[in-house]
Amino acid sequence: MSPDSCFRIASLTKVFTCTALVKTMRDNSIPLGTAVIELLPDLAPGWRAEVRLAIEQMLGQVSGLRESVGSTALAALDDGPRALQEAAEFVVGTGNEHEPGARWSSYNGNYLLAGAVLAALSGTSYERALEKTLLGPRNALRSRMGARPFRPDVSQRTAAGLSRSDGVVPDEDYVSVVVTNQQHTLRATATFLSDMQHPLTNDDLATAIDRFAA
C-alpha cells in the first residue's frame, strides 16, 4: 500500500452524511425533530411515507420505512445530477411498514434520504455539500469522490481506511484493526483477526466476519 492507495469505506459513509447534515441543520437553526417532508417539499407529490417522519428518526434508523429500495432499484439509476433525488423519491414512495420510532432497523434508504436533505439545505449537490461542510474544513479531502457519485449510504471509492472493529476486548485493553483495499482478502483478514483474539476470548471471529460479509 502507498499514501495514494484507495479504500472503500462502505457504510462508514453514513457517519460522514450524518455529521454533515447535523452540522448544517445546527448552523441553520433547524431542530432535528423537523419533519423530513418539510425539508424536501419537491418530493411531496409522490410522498407515501409517514408525514411525521422526523430527521432524527431517519438518522437513528428508526424511520419505519418500508425497506424495498435496494441495490437492484439503485442500479437502474444513471449517474446524473438527479440520481440521488430519484433514489430519495423511491424511498419515500414506498411508504412505511412501521410507525416512526417504533423499532430500529438498519436501512440504507434512510441515508439516501439524509443525503438528499443535506443537498437541499446546502443548495448544491450532496458531494459538494459534504466537501464544503465536512471534508474541506477538516483537511480530509483525500476522502474524495470517485468516478461515480459519492452515495450517502455506501460509498463507491474513497481514500480512507475500511476497518472492522470486532477485535475489541476492553477487559484486556485489546483492540485489533486491519485495513485492506482488496475485497478478496477479507477471508484471510478475518482469520488473522480471529487468530490474534482467540487466546483472549475463545471467540471465532472468522466465522462471525464471514457471516457479516455474506
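Select helix 7 to begin with, and turn it so that the face away from its buried side looks towards you: in this predicted model, that face carries the exposed residues R128 and K132. Now rotate to the opposite face and colour Y126, A129, L130, T133, L134 and L135, which are the buried residues of helix 7. Looking down the axis of helix 7, you will find these buried residues within an arc of 150°, so they line one face of the helix. The general background to such a pattern is that an α-helix has 3.6 residues a turn, so residues three or four places apart point the same way. To see what covers the buried residues of helix 7, add helix 1, helix 5 (83–93) and helix 6 to the selection, since these are among the elements that do so.

**From helix 7 to helix 1**

Keep helix 7 on screen together with helix 1, and look at how the two meet: their axes come within 9 Å and cross at roughly 75°. That crossing makes helix 1 roughly perpendicular to helix 7. On the side of helix 1, the residues to select for this contact are T13, F16, T17, T19, A20, K23 and T24, while helix 7 contributes Y126, L130, T133, L134 and L135. If you colour the residues of this contact by character, they divide into six nonpolar, five polar and one charged.

**Along helix 1**

Next, show helix 1 by itself, which takes in residues 13–27. How far apart are the end C-alpha atoms of helix 1? They are 21 Å apart, which agrees with the 21 Å that its 15 residues should span at 1.5 Å a residue. Then pick out T13, K14, F16, T17, A20, L21, T24 and M25, which are the buried residues of helix 1. They cover an arc of only 160° around the axis, which puts them on the same side of helix 1. Turn to the other side of helix 1 and you will meet V15 and R26, which are exposed. Returning to the buried side, bring back the partners one at a time, for the buried residues of helix 1 pack against helix 2 (36–39), helix 3 (55–59), helix 6 (108–122) and helix 7 (126–135).

**The loop after helix 1**

Follow the chain just past the end of helix 1 and stop at S29, which lies in the loop between helix 1 and helix 2. This residue has a positive phi of about 55° although it is not a glycine. As a matter of general background, most residues other than glycine have a negative phi. Is S29 buried or exposed? With a relative accessible area of 64%, S29 is exposed.

Stay in the loop between helix 1 and helix 2 and select T34, which, in contrast to S29, is buried, with a relative accessible area of 12%. Beyond its neighbours within four places in sequence, T34 is in contact with L39, L53, A54 and I55. One of these partners, A54, is 20 residues from T34 in sequence, yet the C-alpha atoms of the two are 5.3 Å apart in space.

**The loop between helix 3 and helix 4**

Move on to the loop between helix 3 and helix 4, and select Q61. Here too is a residue with a positive phi, of about 60°, although it is not a glycine. Q61 is buried, with a relative accessible area of 7%.

In the loop between helix 3 and helix 4 (71–75) you can also select S63, which is buried, with a relative accessible area of 2%. Which residues surround S63, leaving aside its neighbours within four places in sequence? Show L53, Q57, M58, N96, H98, E99, P100 and N110, with which S63 is in contact.

**Strand 2, and the whole chain**

For a last close view, go to strand 2, residues 174–176, and select S176. S176 is buried, with a relative accessible area of 4%. Add S194, which is 18 residues from S176 in sequence and 9.7 Å from it in space, C-alpha to C-alpha.

Finally, show the whole chain, in which there are nine helices and two strands. Traced from the N terminus on, its elements run α-α-α-α-α-α-α-β-β-α-α. Of its 214 residues, 41% count as buried. Among contacts between residues at least 6 apart in sequence, 65% join residues at least 24 apart.

Note on methods
Residues are numbered from 1 along each chain as its sequence is written. This is a predicted model: local features need pLDDT of at least 70, side-chain atom pairs count only at pLDDT 80 or more; totals for chains, interfaces and linings use all residues. Side-chain values use heavy atoms; hydrogens and water are left out. Helices (H or I, at least four residues) and strands (E, at least two) are DSSP runs, numbered from the N terminus. The expected span of a helix is 1.5 Å times one less than its number of residues. Buried means under 20% relative accessible area, exposed over 50%, partly exposed in between (1.4 Å probe, protein chains only). The arc is that of the directions from the helix axis to the C-beta atoms. Contact means heavy atoms within 4.5 Å. Axes are lines fitted to C-alpha atoms, for helices over the stretch in contact, and angles run from 0 to 180 degrees between N-to-C directions. Angles under 35 degrees count as roughly parallel, over 145 as roughly antiparallel, 65 to 115 as roughly perpendicular and the rest as oblique. Ala, Val, Leu, Ile, Met, Phe, Trp, Tyr, Cys and Pro count as nonpolar, Asp, Glu, Lys and Arg as charged, and the others, Gly among them, as polar.
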